[in-house]
Amino acid sequence: GGDNGGIVVLITLGIIFFLVVSYLLVYYCSKQNEESIAWIPCYLCCEKIPINSWHSSHRASCLERHKAVLMRHPLEHKLGTRCGKCSGFLRRWTSYRIKRMESNNTFICEVCHPATDPCKRYSDFEVINTDINRFNCFTCDYDVCGKCVHKKEERKAWII
């Protein structure tokens with residue numbers, strides 16, 4: 001009689017331990033490639049920008065100061081793919097930069113990964129810009145990869 005109660009307690013504790021360890025593993029694994037960031041490398045002026053300024057004021061003032069640099073990235077009028085935020089034309093963002101800066105030549109496609117938090121870094125989702133695979137709206141900080149643009153263009157061609 002008494003031994004059965006001890007076994008039940010041990011089994012219950014074992015199950016609780018297993019559940020807690022499983023939860024912690026799942027939580028840790030889901031967070032390991034996602035990190036909060038304090039600054040972001042601006043891909044137009046090549047400066048480190050505090051994340052709160054990036055989302056509020058920096059892009060508008062940077063755009064005004066560096067319009068000539070922006071023009072080095074061709075506006076793609078013929079693309080059917082537009083900015084998912086303002087519906088404006090996208091620029092084919094080249095690797096041209098004012099100066100070299102670590103980590104300002106990668107992007108995350110917002111079609112492939114729409115649920116990312118802009119205040120976090122997702123290294124597993126980052127794509128290296130090859131001059132032909134990044135389509136961007138700098139004003140909205142919206143990026144689409146070449147693969148998604150070409151898929152949409154192919155669908156559009158079938159409709160016409």
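# Cores, loops and pockets

Me: In which helix does Asn52 lie?

Reply: This is a predicted model: local features need pLDDT of at least 70, side-chain atom pairs count only at pLDDT 80 or more, and totals for chains, interfaces and linings use all residues. Residues are numbered from 1 along each chain as its sequence is written, and side-chain values use heavy atoms, leaving out hydrogens and water. Helices (H or I, at least four residues) and strands (E, at least two) are DSSP runs, numbered from the N terminus. On that basis, the home of Asn52 is helix H2.

Me: Does Asn52 count as buried or exposed?

Reply: Buried means under 20% relative accessible area, exposed over 50%, partly exposed in between (1.4 Å probe, protein chains only). Asn52 has 54% relative accessibility, so Asn52 counts as exposed.

Me: What distance separates the C-alpha atoms of Asn52 and Cys119?

Reply: Along the chain, Asn52 and Cys119 are 67 residues apart. In space, their C-alpha atoms are separated by 8.5 Å.

Me: Among contacts between residues at least 6 apart in sequence, what share joins residues at least 24 apart?

Reply: The chain has 4 helices and 10 strands. Their order is α-β-β-β-α-α-β-β-β-β-β-β-β-α. A contact means heavy atoms within 4.5 Å. Of contacts between residues at least 6 apart in sequence, the share joining residues at least 24 apart is 60%.

Me: Which helix gives the most to the largest nonpolar core?

Reply: A nonpolar core is a set of buried Ala, Val, Leu, Ile, Met, Phe, Trp, Tyr and Cys residues joined through side-chain atoms within 4.5 Å. The largest has 14 residues, and Cys42, Leu44, Trp54 and Phe138 have the most contacts inside it. Helix H2 (51–65) and helix H3 (67–70) each supply at least two residues of this core. The top contributor, with 4 residues, is H2.

Me: How many residues does the second, separate core have?

Reply: Among its members are Leu90, Phe107, Tyr142 and Val144. The count for this second core is 13 residues.

Me: Which residues does Trp54 touch, not counting those up to four places away in sequence?

Reply: Trp54 is one of the residues with the most contacts inside the largest core. With sequence neighbours up to four places away left out, Trp54 touches Ile40, Cys42, Tyr43, Ile49, Arg59, Phe138 and Asp141.

Me: Asp141 has a positive phi; what is its relative accessibility?

Reply: Phi of Asp141 is about 55 degrees, although Asp141 is not a glycine. Asp141 sits in the loop between strand S9 (134–137) and strand S10 (142–145). Asp141 counts as buried because its relative accessibility is 16%.

Me: What is the relative accessible area of Ser87?

Reply: Ser87 is another non-glycine residue with positive phi, near 65 degrees. Its loop runs between strand S4 (75–76) and strand S5 (90–92). Ser87 is partly exposed, with a relative accessible area of 48%.

Me: What volume does the largest pocket have?

Reply: A pocket is an open set of points on a 1 Å grid over the protein atoms alone, where a 1.4 Å probe fits, with protein on both sides within 12 Å along at least five of seven lines; lining residues have an atom within 4 Å of a point. Of 33 lining residues, Ile37, Ile40, Ile108, Pro118 and Lys120 are closest to the centre of the largest pocket. Strand S2 (39–41), H2, strand S6 (106–107) and strand S7 (120–122) each supply at least two lining residues. Its volume is about 770 Å³.

Me: Which residues line the second largest pocket?

Reply: This pocket has a volume of about 170 Å³. The lining consists of Ser95, Arg97, Arg100, Met101, Glu102, Ser103, Asn104, Asn105 and Thr106.

Conventions: Points joined across faces, edges and corners; volume = space filled by probe spheres on them.
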